[in-house]
Amino acid sequence: MTAERQGPDSAPDAGPALVGIVLVSHSARVAEAVAELARDLAAGGAVAPVAAAGGTALGGLGTSAERIVEAAREVDRGAGVALLADLGSSVLTVKALLMEGELPSGSALLDAPFVEGAVAAVVTASTGAPLSAVTAAAAEAYAYRKA
């Protein structure tokens with residue numbers, strides 16, 4: 001069961017509150033491709049909101065705090081925002097934004113592999129699960145054995 005969005009800015013047709021997912025990568029193409037993969041694998045019902053925040057504002061490789069904040073606000077549906085980062089400065093940028101209070105309330109950086117964690121997070125969030133369950137599902141992706 002999912003909770004309905006509540007609050008003064010909630011539209012009556014806003015639907016259930018779902019955890020939003022932000023995928024932060026140094027590459028816009030990587031972030032968008034992983035977002036597409038996760039959405040496609042979660043399809044079959046309502047899919048949690050997912051946004052890619054990859055690359056710089058000028059389209060190059062790098063990390064943009066502004067793109068991350070914008071993506072987090074875009075996917076915020078009142079149940080928290082889970083952020084997955086690929087490596088290096090993307091992780092540091094998300095940590096800094098969290099410490100500075102720049103991200104929506106209830107935002108969390110997930111410690112998970114980027115691709116497998118993103119799929120697990122989106123699938124779990126799409127069921128209406130709370131942020132704690134989305135976090136746990138993404139972290140469990142470390143245990144996925146391939147051999």
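So, H4 and H5: these two helices are roughly antiparallel to each other, where that label means an angle over 145 degrees, against under 35 for roughly parallel, 65 to 115 for roughly perpendicular and oblique for the rest. Before I go on, this is a predicted model, in which local features need pLDDT of at least 70 and side-chain atom pairs count only at pLDDT 80 or more, while totals for chains, interfaces and linings use all residues. Residues are numbered from 1 along each chain as its sequence is written, and side-chain values use heavy atoms, with hydrogens and water left out.

Back to the pair. H4 covers residues 114–126, H5 covers residues 131–140, and they pack at about 150° with their axes 8 Å apart. For the angle, axes are lines fitted to C-alpha atoms, for helices over the stretch in contact, and angles run from 0 to 180 degrees between N-to-C directions. The helices and strands themselves are DSSP runs, numbered from the N terminus: H or I with at least four residues for a helix, E with at least two for a strand. H4 passes H5 in a right-handed crossing, meaning that the near helix is turned clockwise from the far one by less than a right angle; anticlockwise would be left-handed.

Which residues in H4 and H5 meet? On the H4 side we have Gly-117, Ala-120, Ala-121, Thr-124 and Ala-125, and on the H5 side Ala-133, Val-134, Ala-137 and Ala-138. By class that's 7 nonpolar, 2 polar and no charged residues. The classes here: Ala, Val, Leu, Ile, Met, Phe, Trp, Tyr, Cys and Pro are nonpolar, Asp, Glu, Lys and Arg are charged, and the others, Gly among them, are polar.

While we're on H4, look at Ser-126, which is found in that helix. Is Ser-126 buried or exposed? Buried, with a relative accessible area of 14%; the cut-offs are under 20% for buried, over 50% for exposed and partly exposed in between, using a 1.4 Å probe and protein chains only. Leaving aside neighbours within four places in sequence, Ser-126 is in contact (heavy atoms within 4.5 Å) with Ala-42, Ala-46, Val-47 and Ala-48.

Okay, zooming out. The protein chain has 5 helices and 4 strands, and from the N terminus on, the elements run β-α-β-α-β-α-β-α-α. Of the 147 residues, 44% count as buried. Among contacts between residues at least 6 apart in sequence, 73% join residues at least 24 apart.

Now the sheet. It's an open one of 4 strands, in the order E2-E1-E3-E4, with parallel pairing; strands pair if DSSP finds at least two bridges between them. E2 and E4 (107–109) are the edge strands, each pairing on one side only. Neighbouring strands are turned by 20° against each other on average, direction ignored. Helix H2 (residues 65–75) packs on the sheet and touches E1, E2 and E3, with its direction at about 180° to that of E2. Helix H3 (residues 89–99) packs on the sheet too, touching E1, E3 and E4, and its direction makes about 150° with that of E4.

Let's walk through E1, residues 20–25. Why call E1 largely enclosed by the rest of the structure? Because 6 of its 6 residues are buried. Generally, side chains in a regular strand alternate between the two faces of the sheet. Here Gly-20, Val-22 and Val-24 point one way, Ile-21, Leu-23 and Ser-25 the other, and all are buried. E1 is joined to E2 (residues 50–54) by 5 bridges, and to E3 (residues 81–85) by 5 bridges. Val-24 is a nice one to click on: it stands opposite Ala-53 in E2 and opposite Ala-85 in E3.

E3 tells a similar story: 5 of its 5 residues are buried, so it is largely enclosed by the rest of the structure. Val-81, Leu-83 and Ala-85 point one way from E3, with Ala-82 and Leu-84 going the other way. Leu-84 is the bridge partner of Leu-23, and Val-81 stands opposite Gly-20. On the E4 side there are 3 bridges, and Val-81 has Ser-107 as its partner there.

Last stop, Ala-51, in strand E2. Ala-51 counts as buried, at 3% relative accessibility. Its C-alpha is separated by 6.3 Å from that of Leu-23, 28 residues apart along the chain. Apart from neighbours within four places in sequence, Ala-51 is in contact with Ile-21, Val-22, Leu-23, Ala-71, Glu-74 and Val-75.
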